[in-house]
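Here are some exercises to work through with the model open beside you. Try each one yourself, then check your steps against the solution.

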Amino acid sequence: MKKIILLLTVLAGTMTAQADSYTFLTFETTDGAKASVSVEKLVLTISGTTLTAGSQQFTLSNLSKMYFSTADETTTGIEEITNAALDEATDIYDLQGHKVTKEQMRKGVYIVKTKNRTYKIAVR
């Protein structure tokens with residue numbers, strides 16, 4: 001029994017030492033977008049269907065995986081899209097993960113999903 005406890009203690013210590021080299025927890029959504037959050041003083045909370053990790057919020061049904069990484073893998077890039085692409089939108093989300101309509105869009109950044117692509121847009 002003492003040998004098993006000693007073995008488990010050594011294994012736990014080894015796993016903790018390995019986790020120290022990772023500085024980010026990266027979340028990947030079902031559309032392939034990635035967001036990395038620093039693990040330093042990270043607090044994870046789940047409220048209903050929303051996961052909050054630091055200052056980031058994710059809808060649980062939109063997450064495909066999460067993993068530790070050594071670099072920030074946040075997907076970036078805001079490109080201009082035409083009104084036609086906005087008209088083809090199947091879903092529009094604000095940065096808090098709330099689904100909105102075109103009419104509800106105000107100044108800010110939004111994620112627009114169409115049948116073929118997902119865009120990050122800035123409304124000015």
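A salt bridge here is a side-chain nitrogen of Lys or Arg within 4 Å of a carboxyl oxygen of Asp or Glu. Keep in mind that this is a predicted model, where local features need pLDDT of at least 70, side-chain atom pairs count only at pLDDT 80 or more, and totals for chains, interfaces and linings use all residues. Residues are numbered from 1 along each chain as its sequence is written, and side-chain values use heavy atoms, with hydrogens and water left out.

**Exercise 1. Salt bridges**

Find the salt bridges, and say how buried or exposed the partners are.

Solution.
- Step 1: with the rule above, the count comes to two salt bridges.
- Step 2: in one of them, the side chains of Asp 91 and Lys 99 meet at 2.7 Å, N to O.
- Step 3: check the cover, where buried means under 20% relative accessible area, exposed over 50%, and partly exposed in between (1.4 Å probe, protein chains only). Asp 91 comes out buried at 17%, while Lys 99 is exposed at 54%.
- Step 4: Glu 28 and Lys 65 also form a salt bridge, at 3.8 Å from N to O. Glu 28 sits in strand β1 and Lys 65 in strand β6, so this pair ties together parts that are 37 residues apart in sequence.
- Step 5: Glu 28 is buried at 15%, and Lys 65 is partly exposed at 45%.

**Exercise 2. The overall layout**

Work out which helices and strands the protein chain has, and in what pattern they follow each other.

Solution.
- Step 1: take helices (H or I, at least four residues) and strands (E, at least two) as DSSP runs, numbered from the N terminus.
- Step 2: that gives two helices and nine strands.
- Step 3: along the sequence they read α-β-β-β-β-β-β-α-β-β-β.
- Step 4: for the whole chain, 25% of the 124 residues count as buried.

**Exercise 3. Strand pairing**

In what order do the strands of the open sheet lie, and which are its edges?

Solution.
- Step 1: recall that strands of a sheet pair through backbone hydrogen bonds, either parallel or antiparallel. Here two strands pair if DSSP finds at least two bridges between them.
- Step 2: three strands make an open sheet in the order β3-β4-β5, with antiparallel pairing.
- Step 3: β3 (44-47) and β5 (56-59) are the edge strands, each pairing on one side only.
- Step 4: four bridges join β3 to β4 (residues 50-53), and Ile 46 stands opposite Leu 51 in β4.
- Step 5: now look at β8 (residues 108-113) and β9 (residues 118-123), which run antiparallel and are joined by six bridges. A hairpin links β8 to β9 through four residues, and Val 112 stands opposite Tyr 119 in β9.

**Exercise 4. Two buried residues**

Find out what Lys 113 and Ile 92 touch.

Solution.
- Step 1: contact means heavy atoms within 4.5 Å.
- Step 2: Lys 113 belongs to strand β8 and is buried, with a relative accessible area of 17%.
- Step 3: leaving aside neighbours within four places in sequence, Lys 113 is in contact with residues including Thr 30, Asp 31, Glu 88 and Asp 91.
- Step 4: Ile 92 lies in strand β7 (residues 91-94) and is buried at 5% relative accessibility.
- Step 5: not counting residues up to four places away in sequence, the contacts of Ile 92 include Leu 86, Val 100, Met 105, Tyr 110 and Val 112.

**Exercise 5. An aromatic pair**

How are the rings of Tyr 22 and Phe 68 arranged?

Solution.
- Step 1: rings of Phe, Tyr and Trp (its six-membered ring) pair if their centres lie within 6.5 Å; planes under 30 degrees apart count as stacked, over 60 as edge-to-face and the rest as tilted.
- Step 2: the count by this rule is two aromatic pairs.
- Step 3: Tyr 22 and Phe 68 make a tilted pair, 6.3 Å centre to centre with 35° between the planes.
- Step 4: Tyr 22 lies in the loop between α1 (2-19) and β1 (24-29) and Phe 68 in strand β6 (residues 63-69), so the pair ties together parts that are 46 residues apart in sequence.
- Step 5: Tyr 22 counts as partly exposed, at 34% relative accessibility.
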